[in-house]
Amino acid sequence: MIPSTAESGQRRRRSAHTAILLWPLTVEAPLARQARRLLETALIALPAKFDNLDDALFMVNEVASNAEAHACPPYELRVYHTHRRTVVEFADGDCKAVLLPSSPIPEVTLGEIDSTELAALEHGRGLLAVVALSQGDCGIRHLKLAGAQGCGGKVIWFAVPQ
């Protein structure tokens with residue numbers, strides 16, 4: 001069951017073809033945890049079958065973690081669902097340019113790994129995973145997000161394979 005509006009701050013609109021779910025996220029709890037919990041609840045409640053629920057949760061975890069580390073509030077999670085497609089959007093109040101990788105990260109040798117700082121190896125692969133798991137059906141767009149300072153914000157979105 002999808003949490004009630006009173007419980008989660010969710011707003012829901014429905015038209016003949018699209019279910020739109022929107023949650024403002026709070027900085028009082030880790031964004032990735034909030035996003036995973038809300039997305040899992042939403043995807044289970046939708047009429048579509050998602051064979052790769054774990055992949056969808058991994059993708060939203062990566063996007064939310066990046067926002068928490070590199071962007072600023074406000075934050076929102078949105079889910080758009082039609083009979084053909086489900087799209088997840090994560091909005092933040094930052095408008096820094098973010099590029100989604102378009103090709104795989106080159107393989108590295110053990111020697112290269114040994115000579116590279118561990119921190120450098122642990123970062124930068126999350127969005128590549130989002131591109132791969134969404135089969136390239138993802139993107140970034142700028143928007144005017146209520147409460148955002150300056151430029152207005154951005155959305156990173158991905159389709160959930162069914």
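## After helix α6

Let's start at a small detail: right after α6 comes Q135, and its phi is positive, near 60 degrees. Keep in mind that this is a predicted model.

As for α6 itself, its buried residues are G126, L127, L128, V130 and V131. What lies over them? Part of the cover for the buried residues of α6 comes from α3, β5 (138–142) and β6.

## The overall layout

Stepping back, the protein has 6 helices and 6 strands. Walk along the chain from the N terminus and you meet them in the order α-β-β-α-α-β-β-α-α-α-β-β.

The protein is 162 residues long, and 43% of those residues count as buried. Now take the contacts with a separation of 6 or more: 63% of them are between residues 24 or more positions apart.

## Helices α2 and α3

Now for a pair of helices. The axes of α2 (residues 31–45) and α3 (residues 53–70) come within 8 Å, crossing at roughly 150 degrees. An angle over 145 degrees counts as roughly antiparallel, and α2 and α3 are therefore roughly antiparallel to each other. Their crossing is right-handed.

Which residues make the contact? On the α2 side they are L31, A32, A35, R36, L39, E40, L43 and I44, while α3 brings L53, A56, L57, V60, N61, A64, S65 and E68. Sorted by class, the contact of α2 with α3 has 11 nonpolar residues, 2 polar ones and 3 charged ones.

## The nonpolar cores

The largest nonpolar core holds 34 residues, and the ones touching the most other members are L39, L77, F90 and F158. Which elements give two or more residues to this core? They are β2 (19–25), α2, α3, β3 (75–81), β4 (86–92), α6 (126–133) and β6 (154–159). The top contributor is α3, which gives 8 residues.

L77 is worth a look of its own. Leaving out residues up to four places away in sequence, L77 touches L21, L22, W23, L25, A35, L38, L39, V60, V88, E89 and F90. Some of these names have come up before: A35 and L39 also belong to the α2 side of the helix contact, and V60 to the α3 side.

There's also a second, separate core, this one of 7 residues, with A91, L145, W157 and A159 among them.

How values were computed:
Residues numbered from 1 in each chain as written. Predicted model: local features only at pLDDT ≥ 70, side-chain atom pairs only at ≥ 80, totals over all residues. Heavy atoms only, no water. Axes fitted to C-alpha atoms, helices over the stretch in contact; angles between N-to-C directions. Helix = DSSP H or I, 4+ residues; strand = E, 2+ residues; numbered from the N terminus. Parallel < 35°, antiparallel > 145°, perpendicular 65-115°, else oblique. Left-handed = near helix turned anticlockwise from the far one by under 90°. Contact = heavy atoms within 4.5 Å. Nonpolar A, V, L, I, M, F, W, Y, C, P; charged D, E, K, R; others polar. Core = buried A, V, L, I, M, F, W, Y, C linked by side-chain atoms within 4.5 Å. Buried < 20%, exposed > 50% of the residue type's maximum accessible area, 1.4 Å probe, protein only.
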